[in-house]
Every structure is written in C-alpha cells, then in structure tokens.
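Visitor: Please pick one part of this structure and take me through it slowly. I am new to this, so explain the terms as you go.

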Amino acid sequence: MEGAGDGAGKHPEKSRQRLSALGLLAAGLICLASVLSGASAAGRQAPIVPDPYQMERDLLSVLNRERAAHGLPAVRLSSGLVGLARKHSAEMARRNVLSHDSAAGRSFTDRLVEAGILFAANGENVAESWSPAAESIHRSFMNSPGHRANVLNRDFDEVGIGIVRGPVNVYFVTEDFIGSLVRKSDAEVRALVLGVLDEARAAARLPHVVLVDEADRTAAAFAREKAEGRKPPPVPAYFGEALLRLVVGPDLAMIADTLRGPDLARYGRAGIGVAFSRNAEYPGGAYVLCVLLLRDQTTAGPDELERLRTVLRAVNEVRARNQLPRLELDAGLAERADEIIARHRPGTSATMRDDDRRDVFYSMFQRLDQIGTPLRKRLEDLRLRRIGISTVPIQTRDGTLLQYAVAVVVSR
C-alpha cells in the first residue's frame, strides 16, 4: 500500500512537470510567433517618402554643378520663382498632366507677368519622374535638347524649383529660369547715357555734352510716347540740325553700345528721356531711351534754340509774376508758329482766322525778351498750358542784325 501510495503520490508531480514543460514550450512558440509576426509587419511597412523640399535642394545642387562643369556661373534661388514652380507642379500633379501651360492656358511668360516679376529672358523645364533621385531627374533634362539649353543658358541667373508627388508615386518637377532685370532709376540711366556721350566727345578732344532743358523735355515726351505704343512726333524745327536716337530693350549695356558711334562727337548739346514699359514685345519689361542730339552752336549770334529759350524765359517770367504755372513747349504748336513765320514778310502783321485770333501772336522786336501787350494780357489766362514759338533774325545783306520776327501760339 505504501508503495502504491508512493506511486500514486508521484504521478501528479510528473504530470505537473510535463505540463510545465509544455507551458514553456508553448510560451516559446508564442514568443517566436510574435517575433516573426513583428518582422513580417515591419517588412510590410510603406517605404519612407522623400521630402520634396530636400529633393528641390538636391536638384539645385546638381544643376549648379552641371553649370560649373561648363564654365557657367551658378543660378541663385528666387523665392518668387520657387512659388511659381511649386504651384505649377502641384497643378500638374492634381491634373496628372505634364504641360508648360496651366489649366487656364497660361504660359510661363504669362505667369511671370501676372506675378509682377521683371525679366530679360525666361525658360522653363518640366518633367515627371518615377525616381526621387536628383541625379536621375537632372539626367532626363540633359538628355532633352530644349531642357539642356535652359540648364546651360548663360543669360539665366535665377531659378525656382518645385517638386510635387503625384498619383502612383510619380513626381512632377518644374524648373523656372529667368535672366533677372533689376529696374534702375531714371537718374541712373541718364548718368549712364551721359557717360557714353562724354566718352565720344573726349575721344575727339571736345568739351563735355551740355544738357538742354527743352531738349530734355522733348526727349522725355518722345520716350513716353514710344513706351505707350504711339509713334513719336517729328523733331521740332527749332532745334536746328539734330540727331534722334530711340532705343528699346531690357539690357542697358546693349543700349549703351547702340548709342556709341563716331557721329556723336559732332553734337555738343543733348536731351535725354527715359521711360520703362512692359508690352507684348517685352513682357518682362524694357527701358525706352530717347537721346536728342543737337549740333554745337557755330554762329556768332544766338541760334534758333537759344532764341526760343530767350522768348520762353520771358513768357514764363510774365506767368511767374502772376503766380501762374509755366508753359511747356509743344511740338504741334511750334509747327504752327513756323508756318506763321514762313508766310509773313518782315513788317507785316499776321492774318489769322477768327477761331485762333486770341491764341496766335506775330510781331517784330529789337530784342527777343520783349513781350508785346496783347500777348502779355493773354498770358494771364490760368487755363493756358502749352506754347509754340518760332523766331527768325532779320538781317541786312552784310549780316547786320536789324530785328527778330517772332511767332507765338498758345493753347490750353
């Protein structure tokens, strides 16, 4: 009984030992299953998505490395262009369409203009890539003649890069290039032009160019007319022998080169007019430069321009005494004054139509700064703004000055 009892007493212990071993085995299997399950889950995790901003930085680095290899300066990143490039890439990704034009049909040039960005030249690269690697994207651009030309364009100095991940893991890429245009002040442009004129005079051992107020105002008016798409009027006859240079373009260095020439030394007086315009021909902006060159005064007496200035000064002194704004020369009114001079003989008075009798004056004076009473009274009209003047010296055959014929036309 005792043996049986001992036997009976050990069986449960053995059973517990077997259960304990089975438990450990089961726990080990569960642990192993858990590890295997974790490893399997890790294997199923989505790959890390590259940061588009880092891709843009990498592409810029590769781009400038390519330019350096070809002896070209680096392009600098422009925040304005980056905004345009990212916006365009996002729209392409949304539409799943590769295009230089926006959904609204706006070209890169159109988008630059709408953003108010000035530029002398522009170009755009677009691509879609399954690879996020900058080298791969850049290689695709370099394998395309048009895109390669943009990458290696010496005229480009700014860029914006935008990369956006589209459907099915494809990346839409935009590279927006421009040749930047920083607008200079009118004073800076005038100084540049005056330097070119003085160089020509110095080469001929002649004194510096003298700027003439009336020529300046006329050149400025001509530049504005051209900038606004209108044809400038003819050069007023009272300037005498004159040379007109009208140049348009975004590159001031190019403009300066077109002004240079041996004929500049012949002209000792000038007027310079500057305007800035954006139009269909120059959507990125361009300088409109007018240079009115006048011959040196060679006669002993005052030439036609000097005579005109004397009369104009006398007229505006009358206006100033009456606290009225000065009158400005007008080319159209000057032509009328020339006609009046041409059709009258010395010593006669003008025959005028009833509708312009109050605005046309013709007289003979011993001195150019004389103002007749009828004209003086007319000059007191506050509404007057413009004036045309023509003068002719009346001389004997031996050149003795007798008097001046003066025609004046005023208008509101």
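Guide: Let's begin where helix H9 starts: there, a side-chain oxygen of Asp251 comes to within 3.0 Å of the backbone nitrogen of Ala253. That is a polar contact (N or O atoms within 3.5 Å, one able to donate a hydrogen and the other to accept it; residues adjacent in sequence count only if both atoms are side-chain atoms). Helices (H or I, at least four residues) and strands (E, at least two) are DSSP runs, numbered from the N terminus. The model is predicted, with local features needing pLDDT of at least 70 and side-chain atom pairs pLDDT 80 or more, while totals for chains, interfaces and linings use all residues. Residues are numbered from 1 along each chain as its sequence is written, and side-chain values use heavy atoms, leaving out hydrogens and water.

Now follow the helix itself. H9 spans residues 252-259 and lies across strands E6 and E8, running at about 155° to E6 (axes are lines fitted to C-alpha atoms, for helices over the stretch in contact, and angles run from 0 to 180 degrees between N-to-C directions). Which residues of H9 are buried? They are Leu252, Ile255, Ala256 and Leu259, where buried means under 20% relative accessible area, exposed over 50% and partly exposed in between (1.4 Å probe, protein chains only). These four cover an arc of only 100° around the axis, so they are on the same side of H9; the arc is taken from the directions from the helix axis to the C-beta atoms. What covers them includes helix H7 (186-203) as well as E6 and E8, judged by contact, that is, heavy atoms within 4.5 Å.

Next, look at the sheet that E6 and E8 belong to. This is an open sheet of four strands in the order E5-E7-E8-E6, with mixed pairing; two strands pair if DSSP finds at least two bridges between them. Strand E5 (210-211) and strand E6 (242-249) stand at the edges, each with a single partner strand, so one side of each has no neighbour in the sheet.

Let's walk across from the E6 edge. E6 and E8 run antiparallel and are joined by eight bridges, and Val248 stands opposite Val288 in E8. Moving on, E8 is also antiparallel to E7, with ten bridges between them; here Ala270 has Leu293 in E8 as its bridge partner. Strand E7 (residues 267-277) is mostly covered, with eleven of its eleven residues buried. At the far end of the walk, E5 and E7 run parallel, joined by two bridges, and Val210 stands opposite Arg269 in E7.

To finish, here are the nonpolar cores: sets of buried Ala, Val, Leu, Ile, Met, Phe, Trp, Tyr and Cys residues joined through side-chain atoms within 4.5 Å. The largest one has 35 residues, and Leu379, Ile387, Val408 and Val410 touch the most other members. Among the elements that give it two or more residues are strand E8 (286-295), which we have just crossed, and helix H10 (304-321). H10 provides the largest share, seven residues. A second, separate core has 23 residues, including Leu181, Ala200, Leu252 and Phe276. You have met Leu252 already, as one of the buried residues of H9.
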